[in-house]
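The following exercises ask the student to read a protein model step by step. Each task is followed by a worked solution.

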Amino acid sequence: MKKLFLTFIIASTLFLQGCLLFHSVEYKVVPDGKGGGEATLVIEDIRSDAINNAELNDDKKNLFEFIYKSDDFINQMKGEGKDIYDRELFVEDGKLNGKLKFKFDDIEIVEGILYEKPFYYLTLSKEDSIIATNGEVMSGEDYKRIMWDNTIKVLKFKMFSDSFEGVKLINMAQYYDYENE
């Protein structure tokens with residue numbers, strides 16, 4: 001997993017067990033002009049790399065009971081400066097996806113985005129894969145940077161996380177209806 005996702009809400013929680021993975025993540029960040037704002041995060045194609053039933057059951061419990069339903073998860077994220085006010089799981093094209101909406105008082109908690117008048121910017125490792133953005137991508141010798149002029153009202157970027165080609169993973173969509181009936 002690349003540097004970008006190590007600090008964020010779902011990534012840090014999903015990887016506690018080391019078994020839940022996702023294909024990509026999309027961010028929409030709306031700064032409030034005072035250092036804070038709101039963010040929407042969409043995680044696409046959540047899967048498990050469990051090798052036995054015990055690991056799979058742990059992954060299902062972590063995803064469906066802790067992340068999706070528990071107040072403990074909300075409180076843990078609030079302690080990190082992320083005030084989650086909406087979370088959902090949904091199946092689209094046979095894949096389980098997740099969506100989180102949260103408020104924050106310091107934009108830096110959103111993957112380390114910084115503001116230096118007149119630009120917002122996000123610095124990534126050279127290996128991180130940017131799928132899409134409404135900002136400008138610049139590359140240095142050891143990094144990539146997305147920059148947005150402060151006239152842009154919604155900062156958008158989508159990042160590749162894990163390739164599932166040639167890897168046997170368990171699609172978590174098949175358990176979503178079962179866990180939520």
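**Exercise 1. A sheet of four strands**

In which sense do strand 6 and strand 9 pair, and over how many bridges?

Solution. The model examined here is a predicted one.

Step 1. Strand 6 covers residues 119–125, and strand 9 covers residues 143–149. The two strands pair in the antiparallel sense, over 7 bridges. Within this pairing, Leu122 stands opposite Ile146 of strand 9.

Step 2. Place the pair in its sheet. An open sheet is formed by 4 strands in the order 5-6-9-8, with antiparallel pairing. Its edge strands are strand 5 (114–116) and strand 8 (136–139), each of which pairs on one side only. On average, neighbouring strands of the sheet are turned by 30 degrees against each other, direction ignored.

Step 3. Follow the pairing from strand 5. Strand 5 and strand 6 are joined in the antiparallel sense over 3 bridges. Leu114 has Tyr121 of strand 6 as its bridge partner, while Glu116 stands opposite Phe119 in strand 6. These two strands form a hairpin, with 2 residues between them.

Step 4. Follow the pairing from strand 8. Strand 8 and strand 9 pair in the antiparallel sense over 4 bridges, and Met138 has Arg145 of strand 9 as its bridge partner. A hairpin is formed here as well, with 3 residues between strand 8 and strand 9.

Step 5. Consider the cover of strand 6. Of its 7 residues, 5 are buried, and the strand is therefore mostly covered, where buried means under 20% relative accessible area.

**Exercise 2. The partners of strand 2**

With which residue of strand 4 does Glu38 form a bridge?

Solution.

Step 1. Strand 2 comprises residues 37–48. It pairs with strand 4 (residues 95–104) in the antiparallel sense over 7 bridges. In strand 4, Lys103 is the bridge partner of Glu38.

Step 2. Turn to strand 1, which comprises residues 20–31. Strand 1 and strand 2 pair in the antiparallel sense over 11 bridges, and Leu21 has Arg47 of strand 2 as its bridge partner. In the hairpin of these two strands, 5 residues lie between the strands, and Gly33 takes a positive phi near 85 degrees.

Step 3. Add strand 11 (residues 170–171), which pairs with strand 2 in the antiparallel sense over 2 bridges. Arg47 has Asn171 as its bridge partner in strand 11.

Step 4. Examine the cover of strand 2. The strand is mostly covered, with 10 of its 12 residues buried.

**Exercise 3. Classifying Thr40**

Does Thr40 count as buried or exposed?

Solution.

Step 1. Thr40 is located in strand 2.

Step 2. The cut-off for a buried residue is under 20% relative accessible area. Thr40 has 19% relative accessibility and therefore counts as buried.

Step 3. List the contacts. Residues up to four places away in sequence are not counted; Thr40 then touches Glu26, Tyr27, Lys28, Lys99, Leu100 and Lys101.

**Exercise 4. Aromatic rings**

How is the aromatic pair of Trp148 and Phe157 described: stacked, edge-to-face or tilted?

Solution.

Step 1. Two values are required. A pair of aromatic rings is described by the distance of the centres and the angle of the planes.

Step 2. The count for this model comes to 7 aromatic pairs. In the pair of Trp148 and Phe157, the centres are 5.9 Å apart and the planes stand at 45 degrees, so the pair is tilted, as angles under 30 degrees count as stacked and those over 60 as edge-to-face.

Step 3. Both Trp148 and Phe157 are buried. Ring pairs also link Tyr27 with Trp148 and Phe157 into a cluster.

**Exercise 5. From one residue to the chain**

Which residues make contact with Phe90, leaving aside its neighbours within four places in sequence?

Solution.

Step 1. Phe90 lies in strand 3 (residues 83–92). With those neighbours set aside, Phe90 is in contact with Val42, Lys95, Leu96, Asn97, Gly98 and Lys99.

Step 2. Compare positions in sequence and in space. Phe90 and Ala173 are 83 residues apart along the chain, and their C-alpha atoms are separated by 8.2 Å.

Step 3. Extend the view to the protein chain, which has 4 helices and 11 strands. Among contacts with a separation of 6 or more, 61% join residues 24 or more positions apart. Buried residues make up 42% of the 181 residues.

Step 4. Consider the largest nonpolar core, which has 38 residues. Val29, Ile46, Leu63, Leu96, Ile113 and Met172 touch the most other members. Strand 1 supplies the largest share of this core, 5 residues.

Notes:
Residues are numbered from 1 along each chain as its sequence is written. This is a predicted model: local features need pLDDT of at least 70, side-chain atom pairs count only at pLDDT 80 or more; totals for chains, interfaces and linings use all residues. Side-chain values use heavy atoms; hydrogens and water are left out. Two strands pair if DSSP finds at least two bridges between them. Axes are lines fitted to C-alpha atoms, for helices over the stretch in contact, and angles run from 0 to 180 degrees between N-to-C directions. Buried means under 20% relative accessible area, exposed over 50%, partly exposed in between (1.4 Å probe, protein chains only). Contact means heavy atoms within 4.5 Å. A nonpolar core is a set of buried Ala, Val, Leu, Ile, Met, Phe, Trp, Tyr and Cys residues joined through side-chain atoms within 4.5 Å. Rings of Phe, Tyr and Trp (its six-membered ring) pair if their centres lie within 6.5 Å; planes under 30 degrees apart count as stacked, over 60 as edge-to-face and the rest as tilted.
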